[in-house]
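Thanks for coming. I will go through the aromatic pairs and then one hairpin.

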Amino acid sequence: VINYIRVRGVVDDAISYVAAGSGHSRANPAGASPLNPGMPAGLLDGDLLVAVVTARNTAARVDVPAGWTMMREDENVAYVGRRYITGDVAPTWTWTADVANATLLGIIFAFRNAELVPFTGVSQPNASAQNIAYPALAVPADNLAIIVAGWKQDDQTGTNTLAGMAEIADLWEASGDDAMLVVDYVIQTTAANIV
């Protein structure tokens, strides 16, 4: 059977950052309490939504909402994405194997002209320390959005944005058993490794 495909247009515009919704943090007094970060403003159909959601309990695993796709999971920190369609609303996030008093944190943000499937990724667990160490990343291609998320089992007084990057979120919660989440990004037109 011969298949005919009609191409109506090809989008090759550069990746751009759209916005972040309101981040949400809360103590989880009953265990399995939901988290409700807000949706970004200014979305267009086809924009890539990315949620970074965490639970203080490192055994917890996020329950992926219907229509969303797990992009990457590093123990209790999950990167979950989907394409925006007009009328979409922010989902409620829950966890499996969560425990009472575990602090929950989350943010939803958006990029335009970005892919849902990550090219590459790397993670690094750290021993307890004031600062969050992060691993080097070999960037495999031009025209990529690089997202760096740091999570810590403690609250914080503030974070510094990584050199050459912009900050998406800086969330922390002192109630419950304490946790923090910071998310930075850079859009590289020419690949440059993260050191």
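**Aromatic pairs and a hairpin**

Phe 109 is buried, as is Phe 111. Keep in mind throughout that this is a predicted model.

How are the rings of Phe 109 and Phe 111 arranged? Their centres are 6.0 Å apart and the planes stand at 85°, so this pair is edge-to-face; the cut-off for that label is an angle over 60 degrees. These two residues also belong to a wider group: Tyr 17, Phe 109, Phe 111 and Tyr 185 make up one aromatic cluster.

In total, the structure has 5 aromatic pairs. Another of them is formed by Trp 68 and Trp 93, also edge-to-face, with 5.4 Å from centre to centre and 75° between the planes. Where in the chain do Trp 68 and Trp 93 sit? Trp 68 is in the loop between β4 (61–63) and β5 (69–74), while Trp 93 is in the loop between β6 (77–83) and β7 (94–96). They are 25 residues apart, and the pair links distant parts of the chain. Buried or exposed, these two? Trp 68 and Trp 93 are both buried.

That brings me to the strands β5 and β6. They run antiparallel and are joined by 5 bridges. One residue to look at is Thr 69, whose bridge partner in β6 is Gly 81. Between the two strands of this hairpin there are 2 residues. Which residue takes a positive phi in the hairpin? Glu 75 does, with a value near 55°.

That is the last item on my list.

Key:
Residues numbered from 1 in each chain as written. Predicted model: local features only at pLDDT ≥ 70, side-chain atom pairs only at ≥ 80, totals over all residues. Heavy atoms only, no water. Phe/Tyr/Trp six-rings, centres within 6.5 Å; stacked < 30°, edge-to-face > 60°. Helix = DSSP H or I, 4+ residues; strand = E, 2+ residues; numbered from the N terminus. Buried < 20%, exposed > 50% of the residue type's maximum accessible area, 1.4 Å probe, protein only. Pairing = 2+ DSSP bridges.
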